[in-house]
2 protein chains.
Amino acid sequence: MAVPQPLVLLIEDEPQMRRFLRAALDDGQYHLIEAPTAREGLAQAASRNPDIILMDLGLPDGDGLDLTRRIREWSNRPIIVLSARGMEVDKVAALDAGADDYLTKPFGVGELLARMRVALRHATLAASGKEEPEFLEGDLRVDLARRQVFVRSQEVHLTPLEYRLLQTLVHHAGKVVTHRHLLKEVWGINSIAQTHYLRVYMTQLRHKLEVDPTHPRLLLTEPGVGYRLKVSS
Amino acid sequence: MAVPQPLVLLIEDEPQMRRFLRAALDDGQYHLIEAPTAREGLAQAASRNPDIILMDLGLPDGDGLDLTRRIREWSNRPIIVLSARGMEVDKVAALDAGADDYLTKPFGVGELLARMRVALRHATLAASGKEEPEFLEGDLRVDLARRQVFVRSQEVHLTPLEYRLLQTLVHHAGKVVTHRHLLKEVWGINSIAQTHYLRVYMTQLRHKLEVDPTHPRLLLTEPGVGYRLKVSS
DNA sequence: GAAGATCCTTACGAAATCCTGATGCCAGCC
DNA sequence: GGCTGGCATCAGGATTTCGTAAGGATCTTC
């Protein structure tokens, strides 16, 4: 049932820590790959699709919280944060950003291994959703890891809000997403009544993604309820 | 999507700790039930089926590890261990026994709440992998998750009210649903006397769903009482 | 500080949906 | 037969919701 030799991605800049973890993990039980920066970590996470991610919070080229959120946009593989910061606010922020566990340095190898076993246990339990970091439908392709959108292999530029709107629709592809839910996800809880935002931005999205914006084939409206991204089924 | 008010089972003998957690949790966000012994904890876990379990390791009538294993025999609801023992061997033992997280006393309320959110997130994620709830009867298929209706594999478009009406009938499929109940669910408590609405919309539904709208085979009238959605039994 | 991109706001025609009243049907009863 | 009450049906107007374009406000970037 369990993965034979789980692939572990370690995102950590300190060489000393990397050496330490390499000794602890790379003994045949796990296969370890390493990334010293946030940028490279994101790229590896997308290309290798590791079974579990160990991440330092203090990376040279970016915040670990952002990286966690970025990865969570398309993957729900377990993320265990390893940090020197032991403050409660740091832990809460990381866990709420999407991390599954938080270990304060210094920690024991035994505990780390035990918590990795827990994370992998969860993963195999929820193994049903083997999600692709990509959405494909008709002429549209959305690369969730790279935040890139293509129509007939041509990249299309979306503004931040347009992308967030499309992203939440992709997240629930095929299902109807209510006005409330879209507004909450994209504009925040305070704008939950501004349904006209949706109309405006849906029009813009359709102009960028649909062949014939007046007769949408992908971004469908469900009158009185919300919108839906079509999936061929 | 998330459970509205998760049921939390706290298995803990110290009254002081119970009071502390009661103050932290029982504020409307969670519904808290308590058990002071392992025996009672196991009974409550079985009878109430809580969404999450918080467990002290040092219970008067038994080891928390055993209790964890006992619960894991039939349930995989998240278990968070709260313990005064901070040794690594204790953590590893508890996590390998089936616990999902381990917090060493004293801990901050914020961290506990964050870790509970993580655990509940896992639970809803695992539950989402289940098959979609569907209603099937004759030529009719109602996909409740996607809010789509098919007749002979052809999608049929329903207006919000039509769908809500069908939805409440599906919800009580096979049973008679009274006029009052339907009106309350679909049009709201204020329109409880407008039985006329029902006739109009039932007609429209039949035209969209029935092969022969004048001789309904699915949407049956129970004269003087209400309507019933037929199920083959 | 200027240029450009992005976001918010507004207004109005179009479309979908909802409500309403009129009418017909049928069974049971006087 | 005629009456009554509950139900089914139809169609059009009222109401709500949606799509669209355009202009001003705000933020970014150089």
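These legends go with close-up views of a predicted model, with two protein chains and two DNA strands in the frame. Local features need pLDDT of at least 70 and side-chain atom pairs count only at pLDDT 80 or more, while totals for chains, interfaces and linings use all residues. Residues are numbered from 1 along each chain as its sequence is written, chains are lettered from A in the order in which they are written, and side-chain values use heavy atoms, with hydrogens and water left out.

**View 1. Helix α6 of chain A crosses helix α8 of chain A.** Here α6(A) covers residues 160-171 and α8(A) covers residues 195-209; helices are DSSP runs (H or I, at least four residues), numbered from the N terminus. Their axes, which are lines fitted to C-alpha atoms over the stretch in contact, come within 10 Å and cross at roughly 85°. That makes the pair roughly perpendicular (65 to 115 degrees, on a scale from 0 to 180 degrees between N-to-C directions). On the α6(A) side, look for L161(A), E162(A), L165(A), L166(A) and L169(A), which touch α8(A) residues including L198(A), Y201(A) and M202(A) (contact means heavy atoms within 4.5 Å). By class, this patch has nine nonpolar, one polar and two charged residues (Ala, Val, Leu, Ile, Met, Phe, Trp, Tyr, Cys and Pro count as nonpolar, Asp, Glu, Lys and Arg as charged, the others as polar).

**View 2. Chain A meets chain B.** In this view, 34 residues of chain A are in contact with 31 residues of chain B. The buried area is about 2,600 Å², with 48% of it from carbon and sulfur atoms (accessible area, 1.4 Å probe, lost on being put together and summed over both parts).

**View 3. Protein residues around DNA strand C.** Of 19 residues near the strand, H157(A), T159(A), Y197(A), H157(B) and T159(B) come nearest (near means a heavy atom within 4 Å). A side-chain polar atom of Y197(A) sits 2.4 Å from a phosphate oxygen, and for Y197(B) the distance is 2.8 Å (polar contacts are pairs of N or O atoms within 3.5 Å). The surface has 13 nonpolar, six polar and no charged residues.

**View 4. Protein residues around DNA strand D.** The largest share of this surface, six residues, comes from α8(B). Phosphate oxygens of the strand lie 2.6 Å from a polar side-chain atom of T221(B) and 2.8 Å from one of Y227(B). The surface residues split into seven nonpolar, 13 polar and four charged.

Key
Helix = DSSP H or I, 4+ residues; strand = E, 2+ residues; numbered from the N terminus. Parallel < 35°, antiparallel > 145°, perpendicular 65-115°, else oblique. Polar contact = N/O pair within 3.5 Å; in protein donor to acceptor, adjacent residues only side chain to side chain. Buried area = accessible area lost by both parts, 1.4 Å probe.
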